[in-house]
Amino acid sequence: MFIHEKDAPRDSAEGRDHIWHSNPGFTPTEDLLFVHVTVPPGGGHPFHNHPNKEEMIYILEGEAEQWLEQEKQTLGPGSSIFIPKSVVHATFNRSSKELKFIAVITPCSSAGPVQNMVDHLEPWKSILAEM
């Protein structure tokens, strides 16, 4: 199955734009999510996890303030992060330019929701309050 950007499903969430190149219902997969994400300056994806799912994030453009549990690093183009199953993480754009990255999540057919927001729980709530 060939997928051109112009044909891929799109949506927005909390200011982030998503272009879905693979997800159940669009591609004949049960286990693979592949999404191109654009985050505007000042935006982000607050602390969350993917129960029973692994994720890989690859930075295309811009800089990501990337959190893995309580560890933070800045990632630029060509950098990536592997996020083990169910581990809390967050991605923020603290720069004045758009952040673009690819996220791959698998297996999306595993038990539990695709994502579980935890930004209202400690210690994530306190980390956000200090930002």
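## Two buried aromatic residues

Phe47 and Trp67 are both buried in this structure, which is a predicted model. The two residues form an aromatic pair of the edge-to-face kind, with 5.6 Å from centre to centre and 70° between the planes. Phe47 belongs to strand E4 (residues 44–49) and Trp67 to strand E6, so the pair ties together parts that are 20 residues apart in sequence.

Which residues make up the aromatic cluster? Phe47 and Trp67 are joined in one cluster by Phe92 and Trp124. At one member of this cluster there is also a charged neighbour, for Arg94 lies over the face of Phe92, at 4.6 Å from the ring centre.

## The sheet of five strands

Strands E4 and E6 are both part of an open sheet of 5 strands, which has the order E7-E6-E9-E4-E11 and antiparallel pairing. The edge strands of this sheet are E7 and strand E11 (116–117), each of which pairs on one side only. Between E4 and E11, which run antiparallel, there are 2 bridges, and here Asn49 of the one strand stands opposite Asn116 in E11.

Strand E6 (residues 64–68) is mostly covered, since 4 of its 5 residues are buried. On one side, E6 pairs in the antiparallel sense with strand E7 (residues 71–75) over 5 bridges, and Gln66 has Gln73 in E7 as its bridge partner. The hairpin of E6 and E7 has 2 residues between the strands, and in this hairpin Glu69 takes a positive phi near 55°. E6 also pairs with strand E9 (residues 89–92), again in the antiparallel sense, over 4 bridges; the bridge partner of Trp67, the residue from the aromatic pair, is Ala90 in E9.

## The sheet of six strands

Another open sheet is formed by 6 strands in the order E1-E2-E3-E10-E5-E8, and the pairing in it is antiparallel. Its edge strands are strand E1 (10–13) and strand E8 (80–83), each pairing on one side only. Neighbouring strands of this sheet are turned by 25° against each other on average, if direction is ignored.

At the E8 end of that order, how many bridges join strand E5 to E8? The two strands run antiparallel and are joined by 4 bridges, with E5 covering residues 54–61. Within this pairing, Ile57 stands opposite Ile81 in E8.

## The nonpolar cores

The largest nonpolar core has 17 residues, and those with the most contacts inside it are Ile57, Ile59, Leu99 and Phe101. Strand E3 (33–39), E5, E8 and strand E10 (99–106) each supply at least two residues of this core. Apart from it lies another core, of 8 residues, and among them are Phe47, Val88, Ala90 and Trp124. Phe47 and Trp124 have already appeared as members of the aromatic cluster, while Ala90 was named above as the bridge partner of Trp67.

What does Leu99 touch, if residues up to four places away in sequence are not counted? Its contacts include Val37, Thr38 and Val39, together with Ile59, Glu61, Gly62, Glu63 and Ala64, and they also include Thr91, Phe92 and Asn93. One of these contacts, Ile59, is itself listed with Leu99 among the residues that have the most contacts inside the largest core, and another, Phe92, is the ring over whose face Arg94 lies.

Notes:
Residues are numbered from 1 along each chain as its sequence is written. This is a predicted model: local features need pLDDT of at least 70, side-chain atom pairs count only at pLDDT 80 or more; totals for chains, interfaces and linings use all residues. Side-chain values use heavy atoms; hydrogens and water are left out. Two strands pair if DSSP finds at least two bridges between them. Axes are lines fitted to C-alpha atoms, for helices over the stretch in contact, and angles run from 0 to 180 degrees between N-to-C directions. Buried means under 20% relative accessible area, exposed over 50%, partly exposed in between (1.4 Å probe, protein chains only). A nonpolar core is a set of buried Ala, Val, Leu, Ile, Met, Phe, Trp, Tyr and Cys residues joined through side-chain atoms within 4.5 Å. Contact means heavy atoms within 4.5 Å. Rings of Phe, Tyr and Trp (its six-membered ring) pair if their centres lie within 6.5 Å; planes under 30 degrees apart count as stacked, over 60 as edge-to-face and the rest as tilted. A charge sits over a ring if NZ of Lys or CZ of Arg is within 6 Å of the ring centre and within 35 degrees of the ring normal.
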